[in-house]
Number of protein chains: 2
Amino acid sequence: MTISARVHYATLALIELAQRQSEKSPVAVREICQRHGIPAPFLVQILRTLRSAGWVQSIRGAQGGYRLAIAPTELNLLEIAEAVGCSDSNCQTDATDTPANRMVHEVWDAASEASRAVLARTTLAEIAARSAQGDEVMFYI
Amino acid sequence: MTISARVHYATLALIELAQRQSEKSPVAVREICQRHGIPAPFLVQILRTLRSAGWVQSIRGAQGGYRLAIAPTELNLLEIAEAVGCSDSNCQTDATDTPANRMVHEVWDAASEASRAVLARTTLAEIAARSAQGDEVMFYI
DNA sequence: CCATACTTGACTATTGGGATCAACTTTCTA
DNA sequence: TAGAAAGTTGATCCCAATAGTCAAGTATGG
């Protein structure tokens with residue numbers, strides 16, 4: 001499970017949308033990009049994926065933008081990573097099928113599973129809340 | 001921590017050498033390759049790395065080959081992976097340094113650390129022994 | 001002396017990730 | 001009812017890293 005820039009940006013965008021769920025008007029792509037330093041056309045591409053996953057809703061036209069379309073408690077980082085293309089394709093070789101080969105693959109799988117577990121138990125709600133606290137601290141300093 | 005073919009091959013080779021540590025003559029590259037289906041020139045390249053790490057010893061000339069130069073209990077899969085170039089460079093972006101960004105990075109780091117822990121606690125001795133058992137089972141079937 | 005085997009350095013090729021663009025459609029607002 | 005603001009789409013490009021290859025050389029046993 002390699003974490004790509006794609007996944008990182010997707011997560012940042014979702015956090016932003018989660019924190020601003022209560023706002024009346026949707027959040028523009030440009031805003032998200034400016035706040036987080038994400039290349040705009042790239043984020044557009046990523047948001048397409050998030051939309052087809054049903055996690056964000058897009059509103060077209062002037063004053064348009066994006067809005068979270070799911071409860072932040074119902075989305076974890078593993079789901080995000082997998083949706084945005086962090087395939088888990090661990091080590092594809094044409095090595096002979098031997099006991100050693102199987103054994104080693106088991107270890108790789110176990111390692112992969114361990115990191116997936118960490119991602120799976122971290123919800124969008126959690127990190128959104130925790131980074132919002134960070135914002136407040138910054139504000140008061 | 002992505003597992004590349006390099007790491008996989010390196011591990012297979014080390015297992016082979018570990019299992020044949022007691023033999024008098026060293027093991028030829030060609031033998032390892034045939035047994036495990038590894039492209040020979042590629043394994044040569046990998047063995048170079050393992051040698052400079054001090055884990056294998058090479059014997060040149062006819063009847064030459066490789067021999068394990070370390071106790072299999074003293075080598076774990078994390079060390080192997082790192083030596084052979086599985087850098088942990090998790091997600092390099094030029095995202096703005098915000099609370100959200102830091103928070104997300106913490107999660108990636110935790111996930112990465114979880115998989116590293118699995119690899120770190122698996123020794124070469126362990127998988128060599130376990131896959132040797134597998135060999136026996138195959139033999140008796 | 002020659003076959004076997006390791007050594008070294010350079011080299012190629014393919015893939016996937018990161019990023020960009022242009023042309024288009026939709027919708028608000030003045 | 002324009003036109004500005006936004007999202008939509010599909011194609012395209014670049015680069016770095018990975019996988020894999022090659023050739024010329026050196027050492028050693030028989």
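Is B:Thr98 buried or exposed? I began with that residue. The model is predicted, and I kept that in mind throughout.

**Entry 1: B:Thr98**

I looked up the accessibility. B:Thr98 has 13% relative accessibility, so I count the residue as buried. The cut-off for buried is under 20%.

I then placed B:Thr98 in its chain. The residue sits in the loop that runs between α4 (77-83) and α5 (99-120) of chain B. Next I checked its side chain. A polar atom there is 3.1 Å from the backbone nitrogen of B:Asn101. For contacts I set aside neighbours within four places in sequence. What remains for B:Thr98 is A:Arg35 and A:His36. Both partners are written with chain A, and that took me to the interface.

**Entry 2: chain A against chain B**

How many residues does the contact take from chain A and from chain B? I find 45 residues from chain A and 45 residues from chain B. The two chains bury about 3,600 Å² between them. Carbon and sulfur atoms account for 72% of that area.

I searched for salt bridges across this interface, and the rule finds zero. Polar contacts gave a count of eleven residue pairs between chain A and chain B, with both residues at pLDDT 80 or more.

I went on to the side of chain A that touches chain B. Its elements with two or more residues are α1, α2, α5 (99-120) and α6 (124-140) of chain A. Of these, α5(A) gives the most, with 16 residues. I sorted this side by class and got 22 nonpolar, 17 polar and six charged residues.

**Entry 3: DNA strand C**

I turned to the DNA. There are 29 residues around DNA strand C. The ones that come nearest are A:Ala5, B:Arg30, B:Arg51, B:Ser58 and B:Tyr66. So both chain letters appear in my list for this strand, as the definition of near would let them. I asked next which parts of the strand face the protein. Of the strand C atoms within 4 Å of the protein, 67% belong to sugar or phosphate, and the rest belong to bases.

I noted three polar contacts to DNA strand C. A side-chain N or O atom of B:Tyr66 is 2.3 Å from a phosphate oxygen. A backbone N or O atom of B:Val29 lies 3.0 Å from a phosphate oxygen. A:Ala62 reaches a base oxygen, with a backbone N or O atom 3.3 Å away.

Which element gives the most to the surface near DNA strand C? I find α3(B), with four residues. Elements with at least two residues there include α1 (5-19) and α3 (40-52) of chain A. Chain B adds α2 (29-36), α3 (40-52), β1 (56-59) and β2 (65-68). By class, I count 13 nonpolar, ten polar and six charged residues on this surface.

**Entry 4: DNA strand D**

I repeated the search for the other strand. DNA strand D is surrounded by 26 residues. The closest are A:Arg30, A:Ser58, A:Gly65, A:Tyr66 and B:Ala5. Sugar or phosphate makes up 64% of the strand D atoms within 4 Å of the protein, and bases make up the rest.

I logged three polar contacts here too. The side chain of A:Tyr66 has an N or O atom 2.3 Å from a phosphate oxygen. The side chain of A:Ser58 has one 2.7 Å from a phosphate oxygen. A:Arg48 places a polar side-chain atom 3.2 Å from a base nitrogen.

The elements giving two or more residues to this surface are α2 (29-36), α3, β1 (56-59) and β2 (65-68) of chain A, with α1 (5-19) and α3 of chain B. By class, the surface near DNA strand D has 13 nonpolar, seven polar and six charged residues.

Terms used. Residues are numbered from 1 along each chain as its sequence is written. Chains are lettered from A and ligands numbered from 1 in the order in which they are written. This is a predicted model: local features need pLDDT of at least 70, side-chain atom pairs count only at pLDDT 80 or more; totals for chains, interfaces and linings use all residues. Side-chain values use heavy atoms; hydrogens and water are left out. A polar contact is a pair of N or O atoms within 3.5 Å; within protein, one must be able to donate a hydrogen and the other to accept it, and residues adjacent in sequence count only if both atoms are side-chain atoms. Ala, Val, Leu, Ile, Met, Phe, Trp, Tyr, Cys and Pro count as nonpolar, Asp, Glu, Lys and Arg as charged, and the others, Gly among them, as polar. Buried means under 20% relative accessible area, exposed over 50%, partly exposed in between (1.4 Å probe, protein chains only). Contact means heavy atoms within 4.5 Å. Buried area is the accessible area (1.4 Å probe) that two parts lose on being put together, summed over both. A salt bridge is a side-chain nitrogen of Lys or Arg within 4 Å of a carboxyl oxygen of Asp or Glu.
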